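Welcome to this short tour. Please open the structure in your viewer and keep the selection tool at hand.

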Amino acid sequence: MSGFAGHVLALAGGVGGAKLIRGLALQLAPAQLTAAVNTADDFNYLGLDICPDLDSVTYALAGLNDEKRGWGLRDETWRFMAAVERLGGESWFSLGDQDLATHVLRTARLREGASLTEVTGELTRALGISVCVAPMCDQPVRTLVDTGEGQLAFQHYFVARRCEPVVQAFHYRGAQAAQVSTPLADALVRPDLAVVVICPSNPFISIDPMLALPGLRARLEHLPVPVIAVSPIVGGDAIKGPAAKMLRELGLPVSAAGIAQHYGPLLDGYVIDRSDARLAGSLAPLPVHATNTLMRNDGDRADLAGAVLRFAEHVI
Ligand code: FO1
């Protein structure tokens with residue numbers, strides 16, 4: 001435990017975000033942390049409501065995530081998917097047998113009229129998680145990717161096409177009509193809010209959909225507490241996933257500096273990998289802290305979270 005005083009609001013997407021959320025949970029009391037999670041990757045598949053980023057964060061907090069694959073549950077089996085294939089059903093997106101339970105229960109509760117915030121609370125509590133895991137909003141927001149081959153729905157671009165088409169732009173359909181979820185709105189007005197952490201998630205597909213929600217970016221910019229991002233890029237490449245390819249295709253520098261440039265005045269502090277420490281000068285006057293950002297195990301996750309919290313105490 002870090003001894004950090006105050007509440008932490010962390011914005012996260014999938015795998016990289018989930019790792020730092022786990023690290024923050026190791027350093028803080030559960031009531032000190034709100035994890036606000038991207039839902040623009042969500043989609044309906046085989047009649048089920050799939051929320052990959054909420055599940056990545058939930059499984060990581062429960063210690064049930066598959067470290068190697070990056071998504072889904074550990075010790076998974078795939079008999080459901082094999083049966084779907086045998087029946088000639090859609091099978092380009094793989095749902096594990098245990099993971100399926102999450103999608104079935106979530107879909108059933110949403111059909112009954114529960115909000116995604118309520119269902120997420122029920123699922124996380126059932127797994128013994130006391131940290132508040134909140135969807136960014138309760139209305140559907142969907143990332144659409146403009147590519148050289150036309151516009152693709154996010155999971156078709158990401159999984160079915162393995163991010164191969166060249167990206168031209170991202171759109172977050174539904175974001176303008178959505179509202180930040182109640183737990184996220186509540187965290188923003190907490191008198192004890194001490195820092196907002198933007199996890200090392202992909203800015204284009206994990207964080208920007210949140211920033212596209214009405215008023216959220218402006219509220220973050222005007223908060224009296226620091227907004228600190230952790231770079232998902234180390235030494236010119238993404239730790240995992242297509243962030244480097246996206247930066248290149250969008251004409252931004254493929255470096256931690258490119259990510260800072262993308263977030264612009266939103267940031268009050270920036271945590272980069274030790275191997276990128278030489279970039280700190282070019283980022284001035286943005287306060288920068290260089291440390292190990294590779295999170296191979298819980299020790300690394302807790303260390304990075306601790307470094308981010310200590311840095312936050314020294315930024316404005
Ligand atoms: N990613 C894949 O690359 N292939 C899959 O078949 C796949 C299935 C899947 C099922 C449940 C889930 O929660 C995540 C899953 N993911 C899969 C990961 C997911 O598509 C992406 O990692 C995120 O949407 C990006 O953050």
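Which element gives the largest share of the lining of the second largest pocket? To find out, keep in mind that you are looking at a predicted model, and begin with the residues around that pocket.

**Stop 1: the second largest pocket**

Select Thr58, Tyr59, Thr102, Leu123 and Leu127, which lie nearest the centre of the second largest pocket among the 16 residues of its lining. The elements that supply two or more of these lining residues are α2, α4 and α5 (116–126). Now colour α4: the largest share, five residues, comes from this helix. The space in the second largest pocket comes to about 220 Å³. If you colour its lining by class, you should find nine nonpolar, five polar and two charged residues.

**Stop 2: the largest pocket**

Next, select Gly14, Val15, Asp53, Trp71 and Phe158. Of the 38 residues that line the largest pocket, these lie nearest its centre. The volume here is about 870 Å³. Show α1 (15–27), α2 (52–62), α4 (97–111), α6 (154–160) and α8 (203–211) together, since each of these helices supplies at least two residues of the lining. Which of them gives the most? Highlight α2, which contributes five residues to the lining of the largest pocket. Coloured by class, this lining shows 19 nonpolar, 12 polar and seven charged residues.

**Stop 3: the largest cavity**

How many cavities of 30 Å³ or more does the structure hold? There is one, and about 80 Å³ of space lies in the largest cavity. To find it, select Val15, Ser56, Asn65, Asp66 and Gly70, the closest to its centre of the 13 residues that line it. You have met Val15 already, as one of the residues nearest the centre of the largest pocket. Both α1 and α2 supply at least two residues of the cavity lining, and α2 gives the most, with four. The lining of the largest cavity divides into five nonpolar, four polar and four charged residues.

**Stop 4: where α1 meets α2**

Stay with these two helices and look along their axes. The axes of α1 and α2 come within 9 Å and cross at roughly 40°. That angle makes α1 oblique to α2. The crossing is right-handed. To see the contact itself, select Ala18, Ile21, Arg22 and Ala25 on α1, then Ser56, Val57, Ala60, Leu61 and Ala62 on α2. Ser56 should look familiar, being among the residues closest to the centre of the largest cavity. By class, the contact of α1 with α2 has seven nonpolar, one polar and one charged residues.

**Stop 5: where α8 meets α11**

For the last stop, show α8 with helix α11 (residues 256–263). How do these two helices pack? Their axes are 12 Å apart, at an angle of about 20°. With that angle under 35 degrees, α8 and α11 are therefore roughly parallel to each other. Here too you will find a right-handed crossing, as α8 passes α11. Select Pro203, Phe204, Ile207, Asp208 and Leu211 of α8, together with Ile259, His262 and Tyr263 of α11, to display the residues that make the contact. Colour them by class, and the contact of α8 with α11 divides into six nonpolar, one polar and one charged.

Conventions:
Residues are numbered from 1 along each chain as its sequence is written. This is a predicted model: local features need pLDDT of at least 70, side-chain atom pairs count only at pLDDT 80 or more; totals for chains, interfaces and linings use all residues. Side-chain values use heavy atoms; hydrogens and water are left out. On a 1 Å grid over the protein atoms alone, a cavity is a set of points where a 1.4 Å probe fits but cannot get out, and a pocket is an open set with protein on both sides within 12 Å along at least five of seven lines; lining residues have an atom within 4 Å of a point. Grid points are joined across faces, edges and corners, and a volume is the space filled by probe spheres set on the points. Ala, Val, Leu, Ile, Met, Phe, Trp, Tyr, Cys and Pro count as nonpolar, Asp, Glu, Lys and Arg as charged, and the others, Gly among them, as polar. Axes are lines fitted to C-alpha atoms, for helices over the stretch in contact, and angles run from 0 to 180 degrees between N-to-C directions. Angles under 35 degrees count as roughly parallel, over 145 as roughly antiparallel, 65 to 115 as roughly perpendicular and the rest as oblique. A crossing is left-handed if the near helix is turned anticlockwise from the far one by less than a right angle, and right-handed if clockwise. Contact means heavy atoms within 4.5 Å.
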